[in-house]
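Q: Please take a close look at one part of this structure, a single helix, and then set that part within the chain around it. I would like the reasoning spelled out where there is any.

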Amino acid sequence: MNAVLTTISEYFVQSIATVLFLPLWVVLMIFINSSIPFLASKKMTLNLTLGSSFLGFVFAVFSLFYCIKNPQALVENNITWMSTDFQISFGVFVDNLSALMLVFTSLICFVVQLFSFGYMKKDESFHRFYIYLNLFMFCIFGFILASNVIQSYVFLELVGVITYLLIGFWYKKRSATRAARKAFIINRIGDVCLLIGIVVLVYFSVVFNSAQNMVTLSYSTLQFAVETLYSMVSDNAYLAIGVLIFLGIMAKTAQIPMQNWIVGTIEAPAPATALMNSFGIVAVGVYLCARFYPLFILSKSLMIFITFIGIVTALIGAYVAMSQNDLRKILAYSTSSQLGVVLVGFGVGAFSASIFCFVVHGVTKALMFLVGGALITSLKNEADIRYMGACREKLPLYAFSFFIGAISLCGALFSGFYSEASLFNSVLDFGNEFLSFGFLLFVFMSAFYLFRAYFLIFEGDKKDDISQDFSEWTIKCSIVLLSLIVIFIGYILRGCFGDFIFFISPDKLNYLNLVQNVLLLFVVFGAGFIAYQLYMAQNKTYIILKEKALNKSNLPYKLSYNAFYFDKVSDWFAESLFLRLCRFFDFIEKYVIGGIFVVLALTTRVFSYIFSRSQTGNVQSYVTYSLIVLSGVLAVVAVLYILGSLMGV
Amino acid sequence: MSVVFNIGLYHYLILALVIFCIGLWGIVVCKNIIKLLVCAEFILNAAGINFVAFASYVDVENLSGLVFSLFITIFAIAELVLGVLLLISIYKYKRSADVEKLTDMKG
């Protein structure tokens with residue numbers, strides 16, 4: 001039995017490239033399907049898409065099984081892509097990290113595609129949405145399975161493009177196109193830094209390792225490459241390369257100061273938002289960070305930099321999320337802050353805990369965005385949580401699953417408990433008081449905004465009686481499925497980390513420590529209690545406190561509500577400064593450089609006018625002219641000949 | 001006297017030169033396209049006379065000069081056919097065979 005399973009899993013892992021190209025085939029099929037005028041079937045589109053993602057899930061599970069069985073084995077199939085002085089290959093690379101990511105990405109893709117059927121059924125661009133989802137699957141699978149840095153970069157850009165397309169899906173909405181453009185541009189800034197870092201890395205790798213002919217920068221040889229690099233270049237140069245690569249990661253994971261594009265993702269359809277905030281473009285950043293971990297871990301200052309950026313983003317994101325009124329904005333800022341904590345985990349050297357935390361966050365955030373999207377559609381597109389209330393009676397499923405998601409996300413119970421506790425343990429082991437305190441503050445604020453959202457939406461008085469349960473079976477089905485995953489996944493995965501999912505050295509998760517667990521639970525439920533008092537109970541003291549805090553002229557409130565003005569600053573930078581610069585250069589281009597060419601063209605015109613006057617069009621005059629010229633030439637030749645004979649030459 | 005009536009190479013060459021000049025003069029001054037074509041024939045035939053003259057006086061044992069003059073005649077006929085065809089279409093288009101009116105190439 002076991003031998004059969006091993007054989008099957010080996011077969012699956014060897015043919016994993018199928019997973020990569022199946023979505024592309026499905027895209028073609030959907031395209032054909034949707035372009036037949038009367039026979040275009042939405043069911044067929046759904047079935048094809050679900051089939052491809054489910055097959056991806058099966059392949060991924062078997063690959064994971066294979067990786068568990070053979071912990072040190074790497075599967076790498078390459079074909080040569082470009083070959084100059086050194087070789088760049090194109091291929092697939094499966095180790096335990098990519099197998100794990102593949103499992104969860106395909107799983108969330110599956111659930112989201114199921115959800116989208118009910119959600120997008122009435123939309124006229126139904127097929128286009130599914131085409132995007134499949135393209136997204138192709139890109140993210142290609143990124144996860146990429147065998148070397150260059151290929152990773154190519155697929156990373158493709159993921160950026162798909163994110164652009166998904167955010168701007170409703171392209172007739174001006175805010176959507178704006179958000180899409182913003183996300184694309186901010187990600188592009190990060191990508192350029194990343195590209196420079198990668199190119200420098202490739203360059204040094206070529207210079208130092210050309211003797212061994214090992215310069216493909218494949219992930220299997222990356223550790224060797226960075227160790228050589230570390231021993232060859234100066235500390236500052238190494239730091240610069242690391243920071244450049246990390247800037248790309250920062251843009252992808254929405255870290256300070258490039259975090260405000262994440263709010264734009266709410267312009268996409270809800271399932272796409274869920275995908276992007278869980279295992280979409282942010283997963284790209286985290287996965288890249290995990291892949292480049294050997295590079296980061298060699299430099300102490302780099303790790304401190306990562307930790308610093310992570311904790312600052314975590315605090316700012318959570319602080320901003322506390323005062324937002326749009327449910328989707330709360331969740332988006334929450335993504336940014338949670339990913340900050342994931343990066344803190346990387347920074348303090350807790351690789352497994354970070355990946356664990358990220359996976360749990362992704363699943364949970366997908367659930368919350370899906371519930372949020374379904375809820376907002378049920379409430380006739382009312383996204384402001386101040387106008388919701390008492391939705392639990394009419395929409396019990398949503399309330400229940402939202403509660404599960406919230407509790408898990410703030411680390412009190414279910415999957416979040418294991419991940420948050422193990423990360424907290426690593427942070428405490430790091431031994432920096434400020435960091436530990438910041439982490440607790442982050443947990444407090446996360447719990448606060450999640451409970452605030454829960455209380456305002458599902459409890460309290462009814463503010464509007466427009467809520468009706470419209471939902472399709474696919475929506476309910478996917479939400480129930482995802483809730484079950486959120487409940488159990490941490491319990492399933494908690495033992496796996498450290499046993500087989502590790503990178504450099506096995507680091508066991510340590511999540512059971514009575515004092516720490518009690519401390520975390522105390523913080524979470526303290527935040528919940530305060531939120532309850534502020535938004536539910538009719539206690540006089542708290543009402544006065546609340547009114548004081550929510551005063552429009554209150555600086556902390558203003559900072560939080562306007563997201564520390566990052567958005568405004570970047571808009572000012574883009575629209576006032578950059579656009580003016582562009583106009584200035586446009587002026588120069590038009591009137592200085594363009595002027596030179598106008599002058600050139602005019603000169604040609606004038607001369608052509610003058611010379612074309614001499615063309616009378618009368619053939620006989622041409623003959624006469626040429627006769628005259630000919631006789632002139634003959635005369636000159638004759639004179640020269642006569643002179644020559646006279647001189648006796 | 002014998003110099004005058006003993007027709008030699010030079011007489012032929014002078015005859016050809018005269019015919020050539022007449023042709024050239026005609027091409028420059030004539031207004032009618034038919035006249036132009038005739039003048040072109042003059043020029044070609046002057047060349048032909050030259051070939052025959054040199055063939056029969058200078059290069060007696062070789063026939064290439066004579067053959068070449070035959071080629072020139074054939075070429076002249078072909079050219080004449082083409083020329084008349086063009087003339088007819090121009091006439092259809094312009095209702096005139098006057099060269100001075102054909103100034104479409106004016107700059």
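**Helix H4 of chain A and its surroundings**

A: In this predicted model, helix H4 of chain A runs over residues 96–120, and because each residue should add 1.5 Å, its 25 residues are expected to span 36 Å, which agrees with the 35 Å that separate its end C-alpha atoms. H4(A) is also largely enclosed by the rest of the structure, since 24 of its 25 residues are buried. For chain A as a whole, with its 649 residues, the buried share is 53%.

The chain around this helix has a secondary structure of 25 helices and 2 strands, and its C-alpha trace spans about 125 × 60 × 55 Å along the principal axes. Chain A is divided into domain 1 (1–189 + 255–286), domain 2 (307–556), domain 3 (562–615) and domain 4 (621–649). The centres of domain 1 and domain 4 of chain A, taken over C-alpha atoms, lie 83 Å apart.

The pocket is the next feature to consider. The largest pocket has a volume of about 1,200 Å³, and among the 36 residues that line it, those closest to its centre are Lys182(A), Asn260(A), Asp567(A), Ser570(A) and Asp571(A). Four helices of chain A each supply at least two residues of this lining, namely H7 (174–209), H10 (261–264), H15 (327–347) and H24 (566–613), and H24(A) gives the largest share, with 11 residues. By residue type, the lining of the largest pocket divides into 19 nonpolar, 7 polar and 10 charged residues.

Some backbone details belong to the loops that precede two of these helices. Most residues other than glycine have a negative phi, and most peptide bonds are trans. In the loop between H9 (235–252) and H10 of chain A lies Pro257(A), which is joined to Ile256(A) by a cis peptide bond with omega of about 0 degrees. The loop between H9 and H10 of chain A also holds Ala254(A), which has a positive phi of about 60 degrees although it is not a glycine; Ala254(A) counts as buried because its relative accessible area is 0%. A positive phi, of about 55 degrees, is likewise found at Ala563(A), again not a glycine, and Ala563(A) is placed in the loop between H23 (555–561) and H24 of chain A. With 7% relative accessibility, Ala563(A) is buried.

Elsewhere in chain A, Tyr418(A) sits in helix H18, residues 414–430, and is buried at 15% relative accessibility, a value that falls under the 20% cut-off. Although 62 residues separate Tyr418(A) from Phe356(A) in sequence, their C-alpha atoms are 8.7 Å apart in space.

The cysteines complete the picture. A disulfide is a covalent bond between the sulfur atoms of two cysteines, and the count over all chains comes to 0 disulfides. For Cys410(A), the closest cysteine sulfur is that of Cys357(A), and because the two sulfurs are 12 Å apart, they are too far from each other for a bond; Cys410(A) is itself buried, at 1% relative accessibility. In chain B, the sulfur of Cys21(B) has its closest cysteine sulfur in Cys39(B), also at 12 Å and so too far for a bond, while Cys21(B) is partly exposed, with a relative accessible area of 40%.

Technical notes
Residues numbered from 1 in each chain as written. Chains lettered and ligands numbered in written order. Predicted model: local features only at pLDDT ≥ 70, side-chain atom pairs only at ≥ 80, totals over all residues. Heavy atoms only, no water. Disulfide = S-S within 2.5 Å. Buried < 20%, exposed > 50% of the residue type's maximum accessible area, 1.4 Å probe, protein only. 1 Å grid on protein atoms, 1.4 Å probe; cavity = no way out; pocket = protein on both sides within 12 Å on 5 of 7 lines; lining within 4 Å. Points joined across faces, edges and corners; volume = space filled by probe spheres on them. Nonpolar A, V, L, I, M, F, W, Y, C, P; charged D, E, K, R; others polar. Expected span 1.5 Å × (residues − 1). Domains from an automatic or database assignment.
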